[in-house]
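This report describes the fold of one protein chain, from its overall dimensions down to single residues. The sequence and structure come first.

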Amino acid sequence: MGSQRGSCLCGEIKYQFKSKILNVVNCHCNFCRSHSGAAFSTYAVVLYKSLEITHGKEKLSSFESEEAKKHFCSLCGTPIFNLNKKYPRVCMIYFGTLENTQNIKPMLNVWCESQLAWVESVSSIKSTDQGIEGKNV
Ligand SMILES: [Zn+2]
Ligand SMILES: [Zn+2]
C-alpha cells in the first residue's frame, strides 16, 4: 500500500502517512465522546513518525487534556488526530478525515463498558437513504 492521505472539511489541513494502518478502532470511552462530539470515535492507528502535515501546519491547533492531545483545524474545527502519552509511538487519526476508506473498516471496539446502549442496535433504528424533510426533523 502506498501513502495514504487525508484532510479536514475546509481543506486547509492536509496530511499523509506512509506507515501501514496498524489498527482501526472504535473507541466508546467518555473522553473520546467529549473530544469528538459523537457517540463514539473511529480512529486509524498509525506510526506517529510517519505522519506528515503537508499543508496548513500553522492552522493546526491542539488541546491537551489529562488523557490525550487532540489536534484539529483552527478554521473548520475538524478533529484530525490524537496523541496519547500511553502510546507514544502512534497517533490516532480520525477516520472521517481519511481520503480512501472503502477498504478500511474497524477491527476492534474498545471501552465498551461505557458504550451507549443503542449503538449495538443502530441498524434497527428507522433509516432513510438520505436526509429527512424539514417538517419531520
Ligand atoms: Zn479545516
Ligand atoms: Zn476513547
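## Terms and model

Strands here are DSSP runs of E with at least two residues, numbered from the N terminus. Two strands count as paired if DSSP finds at least two bridges between them. With these terms, β6 and β7 are joined by a hairpin through four residues. The model is predicted.

## Overall architecture

The protein has one helix and ten strands. Read from the N terminus, the order of elements is β-β-β-α-β-β-β-β-β-β-β.

Along the principal axes, the C-alpha atoms occupy a box of roughly 45 × 35 × 30 Å. The radius of gyration is 16 Å, which agrees with the value near 14 Å for a compact globule of 137 residues. Of the 137 residues, 26% count as buried. When contacts between residues at least 6 apart in sequence are considered, 61% of them join residues at least 24 apart.

## The seven-stranded sheet

One open sheet contains seven strands in the order β6-β7-β8-β9-β4-β3-β10, and its pairing is mixed. β6 and β10 are the edge strands; each has a single partner strand, so one side of each is left without a neighbour in the sheet. On average, neighbouring strands of this sheet are turned by 30 degrees against each other, direction ignored.

At the β6 end, β6 (residues 60-64) and β7 (residues 69-73) run antiparallel and are joined by five bridges. Within this pair, Glu 64 stands opposite Lys 69 of β7. On to the next strand, β7 and β8 also run antiparallel, with four bridges between them. His 71 is placed opposite Phe 81 of β8.

## The three-stranded sheet

A further open sheet has three strands in the order β1-β2-β5, with antiparallel pairing. Its edge strands are β1 (4-7) and β5 (51-55), each of which pairs on one side only. Neighbouring strands in this sheet are turned by 25 degrees against each other on average, direction ignored.

β1 and β2 (residues 14-17) run antiparallel and are joined by four bridges. The bridge partner of Ser 7 is Lys 14 in β2.

## The nonpolar core

The largest nonpolar core has 22 residues. Those with the most contacts inside this core are Tyr 43, Val 45, Val 46, Ile 80, Phe 81, Cys 91 and Ile 93. At least two core residues come from each of β2, β3 (23-27), β4 (41-47), β7, β8 (79-83) and β9 (90-94). β9 gives the most, with five residues.

Phe 81 thus appears both in this list of core residues and as the residue opposite His 71. For Val 45, neighbours within four places in sequence set aside, the contacts are Ile 21, Leu 22, Asn 23, Val 25, Val 90 and Met 92. Val 25 lies within the range given for β3 (23-27), while Val 90 and Met 92 lie within that for β9 (90-94).

## A residue with positive phi

Trp 111 lies in the segment after β10 (108-110). Its phi is near 60 degrees, a positive value in a residue other than glycine.

Is Trp 111 buried, partly exposed or exposed? A residue is buried if 20 or more other C-beta atoms lie within 10 Å of its own, and exposed if 12 or fewer do. Trp 111 has 17 C-beta neighbours inside 10 Å and therefore counts as partly exposed.

Methods
Residues numbered from 1 in each chain as written. Chains lettered and ligands numbered in written order. Predicted model: local features only at pLDDT ≥ 70, side-chain atom pairs only at ≥ 80, totals over all residues. Rg over C-alpha atoms; globule rule 2.2 N^0.38 Å. Contact = placed C-beta atoms within 7 Å. Axes fitted to C-alpha atoms, helices over the stretch in contact; angles between N-to-C directions. Core = buried A, V, L, I, M, F, W, Y, C linked by C-beta atoms within 7 Å.
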